[in-house]
Amino acid sequence: MNLETEEIIIIGSGPAGLTAALYAARANLNPVLVEGFPPGGQLTLTTDVENFPGFPDGIMGPELMEKFRQQSEKFGTKIINGEVVNVDLNSYPFLVDLESKTQLKTNSLIISTGASSKMLGLKEESLLLGKGVSTCATCDGYFFTDQIVTVVGGGDSAMEEALFLTKFAKKVFLVHRRETFRASKIMLDRARNNPKIEFVLNSQIVQIDDVDQNKVTNAVLKNLTTNKLSDLKTDAVFIAIGHTPNSQLFKDYLDLNSNGYILTKEGTKTNIPGVFACGDVQDWEYRQAITASGTGCMAAIDAERFLANQFE
Ligand code: NAP
């Protein structure tokens, strides 16, 4: 039981949360950051980051997040390893319950819980997760060295996953439900120019075999133009179809849009004074490390101003 009231608690340790922590720490607000899972957020599941300014030669995602972490700790951020299981935003100070049964109290709260991978919604998908079905090529690509793998999606994530997988797999199918792509031209061109990648368009995976063998052996494809079914022999299915915001904990308190993203106004303010949201949990538009970082900085400044007005 922790009876002290914190000035700022930050939930989430991706670029948004750790930047908020850095700014809050440098404002002498002694921020407490609950890191959640995975620590460091989605960038820890990626490889080369080539578009974060300041790193002209690129940097690996996990290394970048380690630098963020070190910088925020250097100025006094206290990082708690664990997850938040409940919040009470009707009481003030706000209450934050950790899985360890500790309850924290805070005068302001910054939510930077990010977003999680979307799934196709097939029964086999969860049964075979970690057994050939994956949402992370960086984590699981190595297991499919010299095998055939399939990536689903038509955005930058799908292109990135497919390209990464060519380092291991002998063949990568990229299954997309349309003929046009959300992916940026540069990523799409890289994937198109890679001889190991074969595009399968206007198609949806409707079944993944084989649950009985406890591994992926085949994907059943439906051609969305002809409605014909066909088999695609594959040893793995990597799902890269976007993300769902991690806003469940806050849905009884905060205004969300129809997709579950936290609505913010005047910077990072939510509908509850003293509660701020930044990063991918409130950004369905840009979703970049640099924009998450930027909104993390804004949230810390917004929280600092709120606290100054509250207790002046
Ligand atoms: P995204 O851009 O939203 O693309 C999701 C893709 O999945 C779309 O092609 C979508 O198809 C498809 N999809 C969605 N639900 C599906 C379903 N149920 N079944 C089959 N396909 C489905 O998501 P993202 O690729 O994760 O990218 C998100 C953001 O991160 C973007 O802003 C992107 O630029 C950025 N990003 C950047 C990099 C990089 O620069 N290195 C890497 C990764 C991501 P439709 O097009 O038909 O809707």
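This text walks through the strands, helix, unusual backbone spots and ligand site of a predicted model.

Start with the open sheet. Five strands build it, in the order E12-E19-E13-E14-E15, and the pairing is parallel. Strand E12 (133-134) and strand E15 (197-200) are its edges, each pairing on one side only. Look next at strand E13 (residues 148-152) and strand E19 (residues 236-239). Four bridges join E13 and E19 in the parallel sense. One pair to look for is Val149 with its bridge partner in E19, Ala236. Pairing of this kind follows a general pattern: strands of a sheet are held to each other through backbone hydrogen bonds, either parallel or antiparallel.

Now add a helix to the picture. Helix H5 (residues 156-165) lies across E13, strand E14 (171-175), E15 and E19. The angle between H5 and E13 is about 170°. How many of the 10 residues of H5 are buried? Seven are, so H5 is largely enclosed by the rest of the structure. The buried residues are Ala158, Met159, Glu161, Ala162, Leu163, Phe164 and Leu165. They pack against strands E13, E14, E15 and E19. They also pack against two helices, H4 (137-140) and H6 (185-192).

H5 leads to the ligand. Which element gives the largest share of the shell around the ligand? H5 does, with three residues. The ligand has 20 residues around it, and the nearest are Gly154, Asp156, Ser157, Arg178 and Arg182. Three side chains can be followed to oxygen atoms of the ligand. An N or O atom in the side chain of Ser157 is 2.5 Å from a ligand oxygen. For Arg182, a polar side-chain atom lies 2.6 Å from an oxygen atom of the ligand. For Arg177, the corresponding distance is 2.9 Å. On its own, the ligand has 920 Å² of accessible area, and the protein covers 81% of this.

Turn now to another set of strands, E1, E8 and E9. Strand E8 (residues 94-98) pairs with E9 in the antiparallel sense, over four bridges. Within this pairing, Asp97 stands opposite Gln103. E8 and E9 form a hairpin, with four residues between them. In the turn, Lys101 has a positive phi of about 75°. Strand E1 (residues 5-6) also pairs with E9, but these two run parallel, joined by two bridges. Here Thr5 has Lys105 as its bridge partner.

E9 itself (residues 103-106) is worth a pause. In a regular strand the side chains alternate between the two faces of the sheet. E9 shows such alternation. Leu104 and Thr106 point to one face and are buried. Gln103 and Lys105 point to the other face and are not buried.

Next come some backbone details. Most residues other than glycine have a negative phi, and most peptide bonds are trans. Several places in this model depart from that. A cis peptide bond joins Tyr92 and Pro93, with omega about 0°. Pro93 sits in the loop between strand E7 (84-88) and E8. Another cis peptide bond joins Asp209 and Asp210, with omega about 20°. Asp210 belongs to the loop between strand E16 (203-209) and strand E17 (218-223).

Two loop residues have a positive phi without being glycine. Asp146 has a phi of about 65°, and its place is the loop between H4 and E13. Asn202 has a phi near 50°, and its loop runs between E15 and E16. Is each of these residues buried or exposed? Asp146 is exposed, with a relative accessible area of 54%. Asn202, at 18% relative accessibility, counts as buried because the cut-off for buried is under 20%.

Finish in strand E16, where Ile205 is found. Ile205 is buried, with a relative accessible area of 4%. Which residues does Ile205 touch, leaving out those up to four places away in sequence? They are Leu120, Leu122, Thr150, Val152, Val175, Ala219, Val220, Leu221 and Val237. Ile262 makes a useful landmark for distance. Ile205 and Ile262 are 57 residues apart along the chain, and their C-alpha atoms are separated by 31 Å.

Methods: Residues are numbered from 1 along each chain as its sequence is written. This is a predicted model: local features need pLDDT of at least 70, side-chain atom pairs count only at pLDDT 80 or more; totals for chains, interfaces and linings use all residues. Side-chain values use heavy atoms; hydrogens and water are left out. Buried means under 20% relative accessible area, exposed over 50%, partly exposed in between (1.4 Å probe, protein chains only). Two strands pair if DSSP finds at least two bridges between them. Contact means heavy atoms within 4.5 Å. Axes are lines fitted to C-alpha atoms, for helices over the stretch in contact, and angles run from 0 to 180 degrees between N-to-C directions. A residue is near a molecule or strand if one of its heavy atoms lies within 4 Å of it. A polar contact is a pair of N or O atoms within 3.5 Å; within protein, one must be able to donate a hydrogen and the other to accept it, and residues adjacent in sequence count only if both atoms are side-chain atoms. Accessible areas come from the Shrake-Rupley method with a 1.4 Å probe; for residues, only the protein chains shown count as cover.
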